[in-house]
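Welcome! Open the structure, keep it beside you, and work through the exercises below one step at a time.

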Amino acid sequence: MTQRLLRGRLLTFHREPQNGEDSDAYTYLEDGALLIQDGIIQDTGPYAEISMNAGGVPVTDHRPHLMMAGFIDTHVHFPQVQVIASWGAQLLDWLNNYTFPEETRFASDEHSAHMARAFYDQLLSHGTTTAVAYCSVHKASADAFFTEATRRNMRMLGGKVLMDRNAPEGLLDTPQTGYDDTKDLIRDWHGKGRNGYVITPRFAITSTPEQMAMAQALAQEHPDCHIQTHLSENKDEIAYTAQLYPSARDYLDVYQSYGLLGRKTLLGHSIHLEAREVDALAETGAHPVFCPTSNLFLGSGLFDHGGLSARGISNGIATDIGAGTSYSMLQTLNEGYKILQLQGLALHPLQAFHWATLGNACVLGLEDKIGNLAPGTEADIVVLNARSTSAMALRMDRVSSLAEELFVLQMMGDDRAIEAVYVSGSPSVGCPVSTPGQETANIPVMTPR
Ligand SMILES: [Zn+2]
């Protein structure tokens, strides 16, 4: 049995705050504590109370920093870590010129394993403890993705993309091989440790109707798996999709007609939607995923978070690396704030931090496991330092509330603001105290900072 007591300022959400005054939506403790045992949060509350019941459990003191649930990234491309910041193209050209050639390299087991290590290092150093990822078409890439997640004991979701047309030869499967590889990967990884498999038809343009039918079969045979794809990111993409699926009522209908919409479905981007598509999202419970840095970078458009939320649709928020330009969920919230401002909506910082933690956990249906610090949940924790740069420290001298501090972190913070990260209760980045009897077997490997 491994026990650990973390002390620090503590913030955890219970539900989405309706506004800045909605203090029932979260708990904030100036001197809080988390008692962790074998990777699970056992108890939480004021330090004076928790420490009294904790006996001689070693304490790590993170004051004055802020402890929160680790960030969750609901849309990211694992094979695109080396195409971030590729110049000058919008979606379809960006895929053809940069992304597809890069993804062909993941046919190699060795390259996939090397990049998986680099990918998880980046996630953790930016405070992200769970992500939902697209792997490449190659089974090897998904094996590498889950092997490394397992080694670090991280809660990760992902899947190999299904794509059987409109891409280079080295990136194509067939309806049958895509189905077979996915079945093997589900058998080998889904529900093993903390891994979850995501059935992943890349998007309508790269899958034939035959492959969509196979994705439907997979979804029916594995209803406990998530499904992810892309929707209505770019106008040329939408026009091309309409040519390829002439009988579909609209873009979303391609997925809907193959039975791929439900509460476990994640639809990256979902920017340019018809009224019928919004109705279908509301009816099926499928989740649009907002990818602010990517949408700005590729010039794709402005995500209508306010309009979709008003219809009762719950949206994820995500980096979309490598069209996204930062691994940081703080920077993602920063650019997201600006996109919503362009539409007259000022997202409150408490809502923003809820979104990147409990909100995304709820989108995934994993709120009983991650995204908050309630007893019984998995101890994936980020510790944030709002004075991590001189410019932030200067600003913080004039800050007098939690909401103001969160907004400084959101607008000015990045990986430098990540003071420490715990995965399943074990420290990963910059944990300042080495305690006797500290568990080492599951410590995520990080390059020291
Ligand atoms: Zn994407």
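**Exercise 1: The largest pocket**

Helix α13 gives the most to the lining of the largest pocket, with 6 residues. (Helices are DSSP runs of H or I with at least four residues, strands are runs of E with at least two, and both are numbered from the N terminus.) Before you go on, note that this is a predicted model, where local features need pLDDT of at least 70, side-chain atom pairs count only at pLDDT 80 or more, and totals for chains, interfaces and linings use all residues. Residues are numbered from 1 along each chain as its sequence is written, and side-chain values use heavy atoms, with hydrogens and water left out.

*Task.* Find the volume of the largest pocket and describe its lining.

*Solution.*
- Step 1. The largest pocket has a volume of about 310 Å³. On a 1 Å grid over the protein atoms alone, a pocket is an open set of points with protein on both sides within 12 Å along at least five of seven lines, and lining residues have an atom within 4 Å of a point. Grid points are joined across faces, edges and corners, and the volume is the space filled by probe spheres set on the points.
- Step 2. There are 15 lining residues, and those closest to the centre of the largest pocket are E16, S314, N315, H354 and G359.
- Step 3. Two elements, α11 (305–310) and α13 (349–364), give two or more residues to this lining.
- Step 4. Sorted by class, the lining has 6 nonpolar, 7 polar and 2 charged residues. Here Ala, Val, Leu, Ile, Met, Phe, Trp, Tyr, Cys and Pro count as nonpolar, Asp, Glu, Lys and Arg as charged, and the others, Gly among them, as polar.

**Exercise 2: The zinc ion**

*Task.* Which residues coordinate the zinc ion, and where along the chain do H230 and D320 sit?

*Solution.*
- Step 1. The zinc ion is coordinated at 2.1 to 2.6 Å by NE2 of H75, H77 and H230 and by OD of D320. Donors are N, O and S atoms within 2.8 Å of the metal (3.2 Å for Na, K and Ca); water is not among the atoms, so sites may look incomplete.
- Step 2. Along the chain the donors follow the spacing H-x1-H-x152-H-x89-D.
- Step 3. H230, in strand β10 (residues 226–231), and D320, in the loop between β13 (316–317) and α12 (329–341), are 90 residues apart and link distant parts of the chain.
- Step 4. Both H230 and D320 are buried, that is, under 20% relative accessible area, where exposed means over 50% and partly exposed lies in between (1.4 Å probe, protein chains only).

**Exercise 3: Unusual backbone spots**

*Task.* Compare D38 and D320: is each one buried or partly exposed?

*Solution.*
- Step 1. D38 has a positive phi of about 50 degrees although it is not a glycine, and D320 has a positive phi near 55 degrees.
- Step 2. D38, in the loop between β2 (26–37) and β3 (40–46), is partly exposed, with a relative accessible area of 47%.
- Step 3. D320 is buried, with a relative accessible area of 3%.
- Step 4. For cis peptide bonds, look from R63 to P64 and from I321 to G322; omega is about 5 degrees at the R63–P64 bond. P64 lies in strand β4 (residues 59–69), while G322 is in the loop between β13 and α12.

Conventions:
1 Å grid on protein atoms, 1.4 Å probe; cavity = no way out; pocket = protein on both sides within 12 Å on 5 of 7 lines; lining within 4 Å.
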